[in-house]
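Here is a short tour of a few spots worth a look. Please keep the sequence and the 3D view open as you read along.

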Amino acid sequence: MVSRVIPVDPFDLVIFGGTGDLARRKILPGLFRRFLAGQMLPESQIIGAARSDFDDEGYRDTVREAIGEFGGADAARTVELEDFLKRVRYVAIDAKGEDGWKALAALVDQKRINAFYFSVAPSLFGDLAERLHLHAIANKDSRIVVEKPFGRDLKSAKELNAVLARHFDETQIYRIDHYLGKETVQNLMAVRFGNILFEPLWNSQYVDHIEITVAETVGVGGRGEYYNKSGAMRDMVQNHLMQLLCLIAMEPPSRFDPDAVRDEKLKVIRALEPVNLHHIVRGQYDKTPSEPSFREDAGDPKTRTESFVALKCHISNWRWAGTPFYLRTGKKLRTRTSEIAVVFKDAPHLIFGQEAGRHRNILSIRLQPNEGMTLGVTIKEPGPGGMRLIDVPLDMAFADALGDEIEDVPDAYERLIMDVIRGNQTLFMRGDEVEAAWAWTDPIIQGWEDRHDVPKPYDVGSSGPEDAGMMMHRDGRRWRELRE
Ligand code: NAP
């Protein structure tokens with residue numbers, strides 16, 4: 001059922017920040033999985049680079065340890081792991097200094113695909129780009145991969161774009177939003193543009209509203225200090241939720257090609273109306289007898305940073321005029337769930353009378369957990385009673401549909417790294433997209449700052465502050481329940 005693995009051409013991948021959390025948790029275990037799947041060929045080379053002082057063997061020990069900790073069942077494949085580790089090298093480099101660059105230049109093979117993963121703080125992007133260029137390590141076909149956060153506002157995003165553009169063409173820059181690497185997100189495009197069924201209904205004439213929820217059960221934990229400077233709006237809405245909004249709302253691109261898709265996404269962001277501050281609710285999780293509050297996690301008793309946002313927005317175009325989009329994300333909520341729900345309008349005329357009840361079709365697209373889709377369909381309640389209607393789900397959980405082979409589906413990071421090697425930018429954000437997203441987000445954040453907005457407290461394990469429910473209630477609607 002799962003499509004055949006097509007190996008990518010042999011490559012050299014340099015991971016700047018190769019000793020960091022992201023490299024250890026996601027990038028290195030992900031590469032090992034692609035190696036096991038036969039997608040990364042043994043001729044390929046992975047080069048870790050950071051300031052820490054390791055030789056190749058010392059770094060391989062840390063990679064072995066990272067895969068042991070984060071590689072799941074793959075960690076038991078010890079023979080293959082040792083084979084994989086032979087492809088791993090290390091160079092000690094300070095992004096801001098001159099040592100190590102010659103050694104890196106000697107390792108990177110210019111005759112094949114090379115990619116540079118900037119898994120470091122954004123303040124180092126400029127230094128890395130500059131030195132890769134200076135030491136002729138990157139060439140015109142090289143790719144660079146950059147992580148979120150891509151700026152903290154429009155100004156800083158423009159500066160980052162400018163720094164990278166000094167040495168790299170836009171076609172070489174891969175801005176990762178790992179949400180776009182999820183199987184369901186791509187399936188969303190397949191469902192929309194591969195079937196005739198949905199597209200005729202995909203507009204304000206038939207869709208009452210659309211909800212996008214990304215709920216987490218974890219708090220900010222050890223990232224409190226970092227998170228306190230960003231908040232849910234910058235950390236989640238400006239990137240992940242807006243990317244999902246774009247995919248659900250965009251016009252069909254003329255082809256499935258990177259710029260055709262990204263042009264359509266950009267049009268959605270540019271068509272977003274400014275959000276009325278009355279249509280946004282911010283929240284902060286409270287303490288429980290056993291767990292700290294957001295303020296405690298942030299180490300800042302007076303912080304006004306939000307750990308929850310719910311908002312209503314509108315897209316001003318022919319397709320969506322009049323259909324609200326409700327976005328919601330937060331930490332320490334009832335369940336960990338990411339879902340897009342397309343709520344269709346009532347049938348125009350109810351022939352079954354009031355007692356049959358009112359029912360709506362809802363297409364729910366789950367990103368996590370249990371990636372899959374459910375279409376709520378109205379049918380007659382079985383039995384001898386009158387004509388009563390009930391909703392039943394037409395459920396397509398990928399795990400059921402694909403059986404054990406779902407195990408072989410690459411996770412978001414693996415897929416995206418392989419796309420970098422293939423040179424396919426479809427699932428990466430373009431510079432203008434990121435800037436447009438900040439241009440829409442900035443006035444919201446500025447508005448909060450201007451009026452010294454204080455987030456509403458909410459209980460750990462709840463659905464967020466009551467005001468979020470009230471916001472929906474005023475529109476005669478209800479949030480979908482947060483459930484696994
Ligand atoms: P981290 O754990 O703090 O790691 C930072 C890495 O950068 C380390 O390997 C560090 O190694 C290296 N480094 C620091 N200063 C350096 C310098 N001057 N020259 C060369 N290397 C240097 O951070 P992280 O969590 O892995 O995050 C990396 C990037 O990914 C950040 O931009 C972050 O925002 C982003 N990100 C992370 C996650 C995640 O889950 N961790 C998720 C999304 C985005 P040395 O100290 O040995 O130099």
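## A buried leucine and its surroundings

L247 counts as buried because its relative accessibility is 2%, below the 20% cut-off. Do keep in mind that the model is predicted. You will find L247 in helix α9, which covers residues 231-249. Setting aside neighbours within four places in sequence, L247 is in contact with L180, V185, L188, M189, R192 and K265. If you then look across to T323, its C-alpha lies 16 Å from that of L247, with the two positions 76 residues apart in sequence numbering.

Now turn to the surface. I351, F352 and M387 make a nonpolar patch of about 290 Å². F352 sits in the loop between β11 (337-344) and β12 (362-368). With 34% relative accessibility, F352 counts as partly exposed.

The two residues can be set side by side:

| Residue | Location | Relative accessibility | Class |
|---|---|---|---|
| L247 | helix α9 (231-249) | 2% | buried |
| F352 | loop between β11 (337-344) and β12 (362-368) | 34% | partly exposed |

Helix α6 is the last stop. Its twelve residues, 154-165, reach 16 Å from the first C-alpha to the last, close to the 16 Å expected at 1.5 Å a residue. Which residues of α6 are buried? They are S156, A157, L160, N161, V163 and L164. These buried residues lie on the same side of α6, because they cover an arc of only 160° around the axis. Their cover includes β4 (113-118), α5 (125-134), β5 (143-146), β6 (173-175) and α14 (431-450).

Terms used:
Residues are numbered from 1 along each chain as its sequence is written. This is a predicted model: local features need pLDDT of at least 70, side-chain atom pairs count only at pLDDT 80 or more; totals for chains, interfaces and linings use all residues. Side-chain values use heavy atoms; hydrogens and water are left out. Helices (H or I, at least four residues) and strands (E, at least two) are DSSP runs, numbered from the N terminus. Buried means under 20% relative accessible area, exposed over 50%, partly exposed in between (1.4 Å probe, protein chains only). Contact means heavy atoms within 4.5 Å. Patches are made of residues with over 30% relative accessible area and no salt bridge: like charges are joined within 9 Å, nonpolar side chains (Val, Leu, Ile, Met, Phe, Trp, Tyr) within 5 Å. Accessible areas come from the Shrake-Rupley method with a 1.4 Å probe; for residues, only the protein chains shown count as cover. A salt bridge is a side-chain nitrogen of Lys or Arg within 4 Å of a carboxyl oxygen of Asp or Glu. The expected span of a helix is 1.5 Å times one less than its number of residues. The arc is that of the directions from the helix axis to the C-beta atoms.
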